[in-house]
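Student: Could you take a close look at one residue and its surroundings, and then place that part within the wider packing of the chains?

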Amino acid sequence: MARYGFVLWTAARQQLAYRAELAMRAIQMVLFMGVFIALWTTAFGASGQAELEGYRLAEMVWYLAMTETITLSSSRVFIEISEAVKAGNLAYTLTRPLSYPFFQVANSLGNSIPRFALNLLTAVAVVGLGMGWLPVLSPSVPSASLRTSSLGMNSAEGAGSLRGLLAFLWMAALALLLDSLIAVLIGLLAFWIEEVTPVFWIYQKLLFTVGGLFLPLEMFPDWLRRVAGWLPFQFITYVPARAFVAFEPGFVLRAMAGQIAYVVMFSALVVFVWRRAQRRLVVHGG
Amino acid sequence: MTKQEHNEQMKTVRLVWGYLRHNLMSAMAYRGAFFLQVAGMLLNDAMLLFFWWVLFNRLPTLQGWDLAGVMTLYGIVAFGFGAATVVCGNAFLVARVITSGDLDYYLALPADPLVHLLVSRMSLPGWGDLLFGLVVFLVAAPDRWVSLPLFLLLGLLAGVILVGFSVLVGSLAFWVGNADQLAAQAINALVTFGLYPVEIFPGVVRVLLYTLIPAAFVGSIPAGLLSDFDWGRLAALVAFTAGIALAARWVFRWGLRRYESGNLVMVRG
Amino acid sequence: MTAIQVQQLTKTFVTREKQPGLRGSVRALFRPLRRETQAVKSITFSVEEGERLAFIGPNGAGKSTTIKMLVGILYPTSGQAQVLGKTPWRERSRLAYEIGAVFGQKSQLWYHLPPADSFDLLARIYELDRAAYRQRLAYLVELFEVNDYLQVPVRKLSLGERMRCEIAASLLHRPRILFLDEPTIGLDVVVKQRIRDLILELNQQEGVTIFLTSHDAGDVEVLCKRAMVISHGEVIYDGRVSTLRRDYIRTKTVSLKLGEPWQGFDGPGVRVLKHKGYGVKLEVDTTVAPIEEVVGRLLARYGIVDINVDNPPMEEIIARIYEGGQGDKETRGQGD
């Protein structure tokens, strides 16, 4: 009996250590959000308007929280794959033509989704406490453009209808899938490139910039907005967050179509690259 | 200054210089990795810049700060941070050196233990911050070449504040067990808050940023001096910097005496 | 000249103990449980310059505490010490110029750089005159035969090559006392002997006082003339190594790997410690049966794949001393 108690106690202690790390990350998120809440509050105050490009203060903050949540849950599977390539452990996969990369996609998602859930809860807690209120789940906003009439910062409407939340969850799932595909692709580049980490960095920075991490695309200068609109990055960070903040069926449908299109495209790319990689494996032997 | 004090100072200067050379040589042994780290840091730093650029595209000013102003602020903090971590690469790890007992190694050698501890490591990405800060300033400042000396001075002062603060919170490890987590968070907070104009924060927080976590002295005040110079405020900044550096040295010495008595708190159970 | 003089040096640690759990934390706030641990109990000894002393004892016996006090990193609760005429904890920085230290487990050399660069840095730390340093370096490089490795990054050197560079590094500033902590740990027999020879040579040529801490009885036997055993904060033996050897190192362990199953071995002074399949471990009482004889007979009797003859572990020697020396706190060996 005592033995089981000990096992339980050890497991609980491990959870505690894990929680310390979570607390650290929560504090960092609090710091980050805190700074940006102050920033946006000042920006809105300075502009003298209640809305910036159609976003109210609360919506801007929620937007940031959601993009943060997705980014923090993003995949690092490229590390595992590039190490496996370097170590030469992939020879055995030649016997199974397609499964390795998609196995890794599944692996990556299996990792990202729980982290996403945790990050989401943390973000909601942080924003809820920081802004002093939580979005009340109200019926969807009529499908006009984002510039609906504002009711002031402390309005209970606006961000976060139930359908917005659901749309967000679906789109976040697609976003994480797309992100995983890209991460796998980066990992596979290890067959040709010595160090894939810089490639990942560039991808990550593109996500942060034209993907709309800090600012929604509406804030970009027009030419940048048009460029970003075509790139895959916005479908990972901007699109789900925007759906949450202002649910609009037209937007959601178009966005999801875009996400799916890119998922298909990158899946094809992964297959293509993997076939070339396998050929390289056979020629160079692991 | 007596001859002996002068000799002591020269000794310290030679030691710091020796370590700088040595650390740089060590970095050059892996040139590729070094440049990669610098490039990575440059890329990292560019993110906030992107944000400011887009934001100021939509807003002309923010509490009196324009794009050039925030870029100058950013330049000073990045340069200071880079200088701090390049020269005193162990600054953020003081608590860990104390708790791990590695401090003994420095104590057994003739040089001043605090200085030795700080300079024995060089942060390689820090060179990226250093370069970034300088470039950003040169791009943003209207009278760049004229102000350059002042910028360098202000950047170095910011670096000294960062190191001083880090030594202060790191020295808590002489008294408290889990100081190293606490120290890391405090330093993180200082750097994070330091990057933004202090005027964007509400009153209560602003008071904090002038006192306990002196982020205002790291970024906003020096940046303000570049756009609107005033001898009085410069003197105040220098005084503050000297003050925090002396306080750091004093607290560390105090803690060191406690360390040497061997009576650090030990927790069992 | 007396290199080290210690008089009634005592160190008591005061620790605040916290009982586990929440109740314990609360109690610790109001009524902390103070526990006094006497790490070093009023020890007295002196060491002459040029002596070679082994300072041995089990872990937790007060060895590192004593050394820390001698180096000046820790100050005592009471008592006095003079190292090269200075009180260590008061003049630590000045003393640091005259003492050297080698730690088997912690390196003074920079991992990614060649030893030459680390030597240069040390020259700077110790404020050595350029010309004198160059001469000294040349001498040490020749003595330790490390010329071929001077420009090779430390990470590429074998442990033996690294240790030779480490010891050379510790001697650059001509210390008068050298503290060595486990200098031959992890090295093979041939390299161990080489390092020991180098240290001996340096002692003979320059009169460096050697203060050795080691768990390796071989180090003690070869390098040192005098041994001090410390246990529970007290010096329980202070005398010649040869006496230590005679009185306490009476056994050797023989580990064998046979080509055939073990069938026992007859002989006085031979005791089987354990055997399993083709492996055997014997303890030989060398006062009864000389080791060469036993090994010879074993070789004649069995086909032997591998054989190892080891000294008994230091802990055992000390345990035996402690048992034997209960009444005898400090014994000086006969005839110096």
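Tutor: Setting aside residues up to four places away in sequence, B:Phe79 touches B:Leu130, B:Gly133, B:Leu134 and B:Gly155. The model is a predicted one, and in it B:Phe79 belongs to helix H3 of chain B, which covers residues 67-87. B:Phe79 counts as buried because 26 other C-beta atoms lie within 10 Å, where 20 or more are required. B:Phe151 stands 72 residues from B:Phe79 along the chain, and the C-alpha atoms of the two are separated by 9.2 Å.

Turning to the contacts between chains, 23 residues of chain B meet 22 residues of chain A. On the chain B side, the elements that give two or more residues are helix H2 (31-58) and helix H9 (179-194), and H2(B) supplies the largest share, ten residues. By character, this side of chain B divides into 15 nonpolar residues, seven polar and one charged.

As for the nonpolar packing, the largest core has 242 residues, and those with the most contacts inside it are A:Val61, A:Leu178, C:Ala227 and C:Val229. The element that gives the most to this core is helix H5 of chain A (residues 162-188), with 16 residues. A:Val61, once its neighbours within four places in sequence are left aside, is in contact with A:Ile37, A:Trp40, A:Val127 and A:Met131. Another core, of eight residues, lies apart from the largest one, and includes C:Leu258, C:Val280, C:Val284 and C:Val294.

How values were computed:
Residues are numbered from 1 along each chain as its sequence is written. Chains are lettered from A and ligands numbered from 1 in the order in which they are written. This is a predicted model: local features need pLDDT of at least 70, side-chain atom pairs count only at pLDDT 80 or more; totals for chains, interfaces and linings use all residues. Two residues are in contact if their C-beta atoms, placed from the backbone, lie within 7 Å. Helices (H or I, at least four residues) and strands (E, at least two) are DSSP runs, numbered from the N terminus. Ala, Val, Leu, Ile, Met, Phe, Trp, Tyr, Cys and Pro count as nonpolar, Asp, Glu, Lys and Arg as charged, and the others, Gly among them, as polar. A nonpolar core is a set of buried Ala, Val, Leu, Ile, Met, Phe, Trp, Tyr and Cys residues joined through C-beta atoms within 7 Å. A residue is buried if 20 or more other C-beta atoms lie within 10 Å of its own, exposed if 12 or fewer, and partly exposed in between; C-beta atoms are placed from the backbone.
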